[in-house]
Amino acid sequence: MNKWFNVGKIVNTHGIKGEVRVISRTDFAEERYKPGNRLYLFMDKAESPLELIVKSHRVHKNFDLLTFDGFENVNDVENFKTGILKIKEEQLTDLDENEFYFHEILGCKVKTTSGEEIGEIKEILTPGANDVWVVKGTNGKELLIPYIEDVVVDVNISDKIVVIEPMEGLLS
């Protein structure tokens, strides 16, 4: 039984040459969308995923634009809209120290170095220079934790616990 990991959602077509607009849900877009890589398209009514081979990848505004081998025309990809692009578990690569997959971070409990429980990581934003972890606080408020060395002291994936050293104003 394959375990699948979501890497993006096709939200629209782009132009007439078979390009699709993808909202990326992967931490390593450059690697995932490299020409020659295999992605699997899951559609609502399809019985099994469609295997696609990336032909081209470019970034336009906040989207990743992809084309696939054998799908050269907008009509070929029109029905891909709302489809989810996934990879198989064995396509995950080993990461360097201090690199994590999103699925490993989501759901982790966040504590301060003094032991105070802050909440749970619900979402990861990738606005630019560093990722931002969205924490649903124990008080119901959302907190934004920048994934930088000064703040994130320890990440324990097996125990699902992240320890932070809050910067001034971070928790208020």
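## Strand β5 and its partners

H57 sits opposite L66 in β5. That pair belongs to a predicted model, and it is a handy way into this part of the fold. β4, covering residues 50-60, runs antiparallel to β5, and the pairing holds 6 bridges.

On top of that, β5 pairs with β2 (residues 19-24), again in the antiparallel sense, this time over 3 bridges. If you want a spot to click on there, try V22: its bridge partner in β5 is D64.

## The turn between β4 and β5

How many residues lie between β4 and β5 in their hairpin? There are 2, and one of the turn residues, K61, has a positive phi of about 55 degrees.

## How covered is β5?

Strand β5 spans residues 63-68 and is mostly covered, with 5 of its 6 residues buried.

## H14 and its surroundings

Now over to β1, the strand made of residues 4-14, where you'll find H14. Is H14 buried or exposed? H14 counts as buried because its relative accessible area is 16%, and the cut-off for buried is under 20%.

The side chain of H14 also makes a polar contact with the side chain of R21, at 3.1 Å. Leaving out residues up to four places away in sequence, H14 touches E19, V20, R21, R58, H60 and L65. So R21 turns up twice for H14, as a polar partner and in the list of touching residues.

Conventions. Residues are numbered from 1 along each chain as its sequence is written. This is a predicted model: local features need pLDDT of at least 70, side-chain atom pairs count only at pLDDT 80 or more; totals for chains, interfaces and linings use all residues. Side-chain values use heavy atoms; hydrogens and water are left out. Buried means under 20% relative accessible area, exposed over 50%, partly exposed in between (1.4 Å probe, protein chains only). Helices (H or I, at least four residues) and strands (E, at least two) are DSSP runs, numbered from the N terminus. Two strands pair if DSSP finds at least two bridges between them. A polar contact is a pair of N or O atoms within 3.5 Å; within protein, one must be able to donate a hydrogen and the other to accept it, and residues adjacent in sequence count only if both atoms are side-chain atoms. Contact means heavy atoms within 4.5 Å.
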